[in-house]
Amino acid sequence: MICHHYKCVFIHIPKNAGQSIEHVFLKSLGLTWETRASLLLRENGHPALGPPRLAHLKAQDYVGCNYLSQELFDTYYRFTFVRNPWSRVVSLYKYLGYSRRLSFKDFLKDTFLHGILPNMYWFVCPQSELIYSEDGELLVDYIGRFETLQSDFDQICMHIGFPQTPLPHINISREKRDTQNFLQRGGTAIMNRLRKADSFPSYASYCDYYDQETFDIVADIYQKDIDNFKYSFRSLP
(Lines give C-alpha, C1' and ligand atoms only; values in the text may rest on other atoms or scores of the structure.)
Protein backbone atom coordinates (compact mmCIF):
# COMPACT_ATOMS: atom_id res chain seq x y z
CA MET A 1 0.00 0.00 0.00
CA ILE A 2 1.22 3.48 -0.88
CA CYS A 3 -0.26 6.41 0.99
CA HIS A 4 1.03 9.73 -0.34
CA HIS A 5 -1.08 11.68 2.15
CA TYR A 6 0.78 10.21 5.13
CA LYS A 7 4.01 9.58 3.16
CA CYS A 8 4.20 5.91 4.00
CA VAL A 9 4.40 2.47 2.44
CA PHE A 10 2.83 -0.58 4.07
CA ILE A 11 4.30 -3.95 3.10
CA HIS A 12 1.29 -6.23 3.55
CA ILE A 13 2.42 -9.76 4.40
CA PRO A 14 -0.60 -12.10 4.00
CA LYS A 15 -2.38 -13.32 7.14
CA ASN A 16 -0.89 -10.67 9.40
CA ALA A 17 -3.96 -8.39 9.86
CA GLY A 18 -3.07 -6.33 6.79
CA GLN A 19 -6.65 -5.73 5.69
CA SER A 20 -7.46 -4.30 9.10
CA ILE A 21 -4.64 -1.79 8.69
CA GLU A 22 -5.65 -0.93 5.13
CA HIS A 23 -9.24 -0.48 6.26
CA VAL A 24 -8.40 2.30 8.72
CA PHE A 25 -6.38 4.12 6.04
CA LEU A 26 -9.29 3.88 3.62
CA LYS A 27 -11.70 5.22 6.23
CA SER A 28 -9.40 8.09 7.19
CA LEU A 29 -9.01 9.14 3.55
CA GLY A 30 -12.71 8.83 2.73
CA LEU A 31 -12.18 5.88 0.40
CA THR A 32 -14.09 2.62 0.12
CA TRP A 33 -13.05 -0.91 -0.79
CA GLU A 34 -14.35 -0.12 -4.29
CA THR A 35 -12.26 3.08 -4.60
CA ARG A 36 -9.07 1.77 -2.99
CA ALA A 37 -6.98 1.67 -6.20
CA SER A 38 -5.38 5.03 -5.42
CA LEU A 39 -3.51 3.32 -2.56
CA LEU A 40 -2.30 0.63 -4.97
CA LEU A 41 -4.82 -1.77 -3.47
CA ARG A 42 -6.01 -3.46 -6.63
CA GLU A 43 -5.68 -6.60 -8.67
CA ASN A 44 -2.71 -6.96 -10.98
CA GLY A 45 -3.16 -8.23 -14.53
CA HIS A 46 0.55 -8.21 -15.36
CA PRO A 47 2.54 -10.98 -13.63
CA ALA A 48 5.84 -9.25 -14.40
CA LEU A 49 4.73 -6.29 -12.28
CA GLY A 50 4.06 -8.14 -9.04
CA PRO A 51 1.71 -10.69 -7.47
CA PRO A 52 -1.97 -11.08 -8.44
CA ARG A 53 -2.87 -8.55 -5.74
CA LEU A 54 -0.65 -5.50 -5.59
CA ALA A 55 -1.37 -5.13 -1.88
CA HIS A 56 1.15 -7.95 -1.41
CA LEU A 57 4.08 -6.43 -3.30
CA LYS A 58 7.54 -7.12 -1.98
CA ALA A 59 9.28 -4.03 -0.64
CA GLN A 60 11.85 -4.08 -3.44
CA ASP A 61 9.11 -4.24 -6.10
CA TYR A 62 7.73 -0.79 -5.30
CA VAL A 63 10.75 0.68 -7.03
CA GLY A 64 11.64 -2.30 -9.22
CA CYS A 65 8.21 -2.32 -10.85
CA ASN A 66 8.06 1.50 -11.08
CA TYR A 67 5.27 2.11 -8.58
CA LEU A 68 7.51 4.56 -6.70
CA SER A 69 10.71 6.37 -7.49
CA GLN A 70 13.74 5.43 -5.42
CA GLU A 71 13.71 8.93 -3.93
CA LEU A 72 10.13 8.62 -2.66
CA PHE A 73 10.67 5.08 -1.45
CA ASP A 74 13.70 6.19 0.56
CA THR A 75 11.81 9.19 1.95
CA TYR A 76 8.51 7.51 2.85
CA TYR A 77 8.09 5.65 6.14
CA ARG A 78 8.02 1.93 5.38
CA PHE A 79 6.43 -0.52 7.81
CA THR A 80 5.18 -4.09 7.99
CA PHE A 81 3.88 -6.72 10.41
CA VAL A 82 5.25 -10.22 10.91
CA ARG A 83 3.86 -13.23 12.74
CA ASN A 84 5.07 -16.39 14.44
CA PRO A 85 5.42 -18.85 11.50
CA TRP A 86 3.78 -21.77 13.32
CA SER A 87 0.79 -19.59 14.20
CA ARG A 88 0.62 -18.21 10.65
CA VAL A 89 0.43 -21.66 9.05
CA VAL A 90 -2.45 -22.67 11.34
CA SER A 91 -4.19 -19.42 10.40
CA LEU A 92 -3.77 -20.30 6.71
CA TYR A 93 -5.19 -23.78 7.37
CA LYS A 94 -8.34 -22.21 8.79
CA TYR A 95 -8.58 -19.24 6.43
CA LEU A 96 -8.42 -21.39 3.29
CA GLY A 97 -11.18 -23.63 4.61
CA TYR A 98 -9.18 -26.86 4.97
CA SER A 99 -9.88 -27.26 8.68
CA ARG A 100 -13.28 -28.77 7.85
CA ARG A 101 -11.94 -31.19 5.24
CA LEU A 102 -8.47 -32.31 6.28
CA SER A 103 -6.52 -32.90 9.44
CA PHE A 104 -3.83 -30.30 9.97
CA LYS A 105 -1.15 -32.90 9.40
CA ASP A 106 -2.63 -34.01 6.05
CA PHE A 107 -3.08 -30.38 5.04
CA LEU A 108 0.52 -29.51 5.80
CA LYS A 109 2.21 -32.62 4.38
CA ASP A 110 0.15 -32.86 1.20
CA THR A 111 -1.97 -29.84 0.26
CA PHE A 112 0.37 -27.18 1.58
CA LEU A 113 3.72 -28.66 0.57
CA HIS A 114 2.70 -29.94 -2.86
CA GLY A 115 -0.09 -27.56 -3.84
CA ILE A 116 -0.24 -24.22 -2.05
CA LEU A 117 3.48 -23.64 -1.53
CA PRO A 118 4.52 -24.09 -5.19
CA ASN A 119 1.38 -22.59 -6.74
CA MET A 120 0.70 -19.69 -4.35
CA TYR A 121 4.26 -18.97 -3.27
CA TRP A 122 3.69 -15.20 -3.31
CA PHE A 123 1.00 -15.71 -0.63
CA VAL A 124 2.79 -18.15 1.69
CA CYS A 125 6.51 -17.50 1.12
CA PRO A 126 8.78 -16.66 4.07
CA GLN A 127 7.90 -13.23 5.37
CA SER A 128 11.53 -12.19 5.17
CA GLU A 129 11.39 -12.36 1.38
CA LEU A 130 8.88 -9.51 1.28
CA ILE A 131 10.92 -7.04 3.30
CA TYR A 132 14.57 -7.88 2.57
CA SER A 133 16.31 -7.24 -0.72
CA GLU A 134 17.98 -10.07 -2.61
CA ASP A 135 21.26 -8.80 -1.15
CA GLY A 136 19.94 -9.14 2.39
CA GLU A 137 19.25 -5.45 3.06
CA LEU A 138 16.26 -4.69 5.29
CA LEU A 139 13.97 -2.36 3.30
CA VAL A 140 11.51 -1.27 6.00
CA ASP A 141 11.86 1.21 8.83
CA TYR A 142 9.60 -0.57 11.32
CA ILE A 143 8.63 -4.21 11.85
CA GLY A 144 5.51 -4.62 13.95
CA ARG A 145 4.32 -7.96 15.26
CA PHE A 146 0.94 -9.56 14.92
CA GLU A 147 1.24 -10.61 18.55
CA THR A 148 1.39 -6.96 19.68
CA LEU A 149 -0.65 -5.59 16.81
CA GLN A 150 -2.45 -2.64 18.35
CA SER A 151 0.42 -1.26 20.41
CA ASP A 152 2.81 -1.51 17.47
CA PHE A 153 0.28 0.12 15.15
CA ASP A 154 -0.07 2.94 17.69
CA GLN A 155 3.67 3.55 17.40
CA ILE A 156 3.39 3.74 13.61
CA CYS A 157 0.49 6.18 13.88
CA MET A 158 2.52 8.47 16.13
CA HIS A 159 5.41 8.46 13.67
CA ILE A 160 3.39 9.34 10.55
CA GLY A 161 0.86 11.64 12.19
CA PHE A 162 -2.06 9.24 11.68
CA PRO A 163 -4.90 9.38 14.25
CA GLN A 164 -4.52 6.52 16.71
CA THR A 165 -7.29 4.12 15.80
CA PRO A 166 -8.46 0.76 17.17
CA LEU A 167 -7.90 -1.83 14.47
CA PRO A 168 -11.02 -3.72 13.38
CA HIS A 169 -10.97 -7.47 12.75
CA ILE A 170 -11.64 -7.49 9.00
CA ASN A 171 -10.31 -10.63 7.36
CA ILE A 172 -11.45 -13.48 9.62
CA SER A 173 -10.94 -17.07 8.62
CA ARG A 174 -13.49 -18.84 6.46
CA GLU A 175 -14.10 -21.25 9.32
CA LYS A 176 -15.03 -18.42 11.69
CA ARG A 177 -16.96 -16.52 9.01
CA ASP A 178 -19.02 -19.56 8.01
CA THR A 179 -19.74 -20.34 11.64
CA GLN A 180 -20.81 -16.78 12.42
CA ASN A 181 -23.10 -16.62 9.38
CA PHE A 182 -24.65 -19.96 10.29
CA LEU A 183 -25.24 -18.95 13.88
CA GLN A 184 -26.85 -15.69 12.74
CA ARG A 185 -29.34 -17.78 10.75
CA GLY A 186 -30.35 -19.68 13.87
CA GLY A 187 -28.18 -22.77 13.45
CA THR A 188 -26.79 -22.91 16.99
CA ALA A 189 -28.21 -26.32 17.94
CA ILE A 190 -27.11 -27.92 14.66
CA MET A 191 -23.66 -26.38 14.89
CA ASN A 192 -23.23 -27.75 18.41
CA ARG A 193 -24.00 -31.25 17.14
CA LEU A 194 -21.57 -30.80 14.23
CA ARG A 195 -18.83 -29.70 16.59
CA LYS A 196 -19.29 -32.84 18.67
CA ALA A 197 -19.05 -34.98 15.52
CA ASP A 198 -16.14 -33.07 13.99
CA SER A 199 -13.17 -35.39 13.36
CA PHE A 200 -10.74 -32.46 13.02
CA PRO A 201 -10.62 -30.66 16.34
CA SER A 202 -10.21 -26.92 16.68
CA TYR A 203 -7.75 -26.01 19.42
CA ALA A 204 -7.48 -22.85 21.47
CA SER A 205 -3.73 -22.58 20.82
CA TYR A 206 -1.93 -22.99 17.51
CA CYS A 207 0.70 -25.01 19.39
CA ASP A 208 -1.77 -27.85 19.93
CA TYR A 209 -2.03 -28.51 16.19
CA TYR A 210 1.58 -29.67 15.99
CA ASP A 211 3.55 -32.83 16.56
CA GLN A 212 7.29 -33.15 16.03
CA GLU A 213 6.96 -33.87 12.30
CA THR A 214 4.73 -30.91 11.49
CA PHE A 215 6.80 -28.66 13.76
CA ASP A 216 9.90 -29.57 11.77
CA ILE A 217 8.21 -28.96 8.40
CA VAL A 218 7.27 -25.39 9.32
CA ALA A 219 10.65 -24.76 10.94
CA ASP A 220 12.40 -25.84 7.76
CA ILE A 221 10.28 -23.73 5.38
CA TYR A 222 10.37 -20.60 7.53
CA GLN A 223 13.86 -20.77 9.03
CA LYS A 224 14.66 -17.28 7.70
CA ASP A 225 11.71 -15.83 9.61
CA ILE A 226 12.57 -17.69 12.79
CA ASP A 227 16.12 -16.33 12.63
CA ASN A 228 15.36 -12.79 11.45
CA PHE A 229 12.45 -12.12 13.80
CA LYS A 230 13.68 -14.21 16.75
CA TYR A 231 10.64 -16.45 16.99
CA SER A 232 10.50 -19.74 18.85
CA PHE A 233 7.62 -22.19 18.77
CA ARG A 234 5.70 -20.76 21.72
CA SER A 235 7.28 -17.35 21.71
CA LEU A 236 5.59 -14.04 22.21
CA PRO A 237 7.63 -10.85 21.81
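**A tour from the cores to the strands and a helix pair**

Begin by selecting Trp86, Phe104, Phe107, Leu108, Phe112, Val124 and Tyr210, which are the residues with the most contacts inside the largest nonpolar core, a group of 27 residues. Four helices each supply at least two residues of this core, namely α4 (85–95), α5 (104–119), α6 (121–124) and α11 (212–221), and colouring them separately will help you to follow the rest of this stop. Keep in mind throughout that the model is predicted.

Next, centre the view on phenylalanine 104 and display its surroundings: leaving aside residues up to four places away in sequence, Phe104 touches Val89, Val90 and Tyr93, and also Tyr209, Tyr210 and Thr214. In soluble globular proteins, nonpolar side chains tend to be buried together.

Now select Ile11, Leu57, Phe229 and Tyr231, which are among the 24 residues of a second, separate core.

From Ile11, extend the selection to the whole of strand β2, residues 8–11, and show its side chains. Cys8 and Phe10 point one way from this strand, while Val9 and Ile11 point the other way, and all of them are buried. In a regular strand the side chains alternate between the two faces of the sheet.

Which strands pair with β2? One is strand β1, residues 2–3, which pairs with β2 in the antiparallel sense over two bridges; within this pair, isoleucine 2 has valine 9 of β2 as its bridge partner. The two strands form a hairpin with four residues between them, and in the turn you can select lysine 7, whose phi is positive, at about 50°. The other is strand β3, residues 77–82, which runs parallel to β2 and is joined to it by four bridges. Here isoleucine 11, already met in the second core, stands opposite threonine 80 of β3.

For the last close view, select helix α1, residues 18–28, together with helix α8, residues 149–160, which pack at an angle of about 35° with their axes 12 Å apart. The crossing of α1 past α8 is right-handed. Show the side chains where the helices meet, and you will find Ile21, Val24 and Phe25 on the α1 side, with Leu149, Phe153 and Ile160 on the α8 side. The residues of this contact comprise six nonpolar, no polar and no charged ones.

Finally, zoom out to the whole protein, which contains twelve helices and four strands. Of its 237 residues, 49% are buried, and among contacts with a separation of 6 or more, 68% are between residues 24 or more positions apart.

Conventions. Residues numbered from 1 in each chain as written. Predicted model: local features only at pLDDT ≥ 70, side-chain atom pairs only at ≥ 80, totals over all residues. Heavy atoms only, no water. Core = buried A, V, L, I, M, F, W, Y, C linked by side-chain atoms within 4.5 Å. Buried < 20%, exposed > 50% of the residue type's maximum accessible area, 1.4 Å probe, protein only. Contact = heavy atoms within 4.5 Å. Pairing = 2+ DSSP bridges. Axes fitted to C-alpha atoms, helices over the stretch in contact; angles between N-to-C directions. Left-handed = near helix turned anticlockwise from the far one by under 90°. Nonpolar A, V, L, I, M, F, W, Y, C, P; charged D, E, K, R; others polar.
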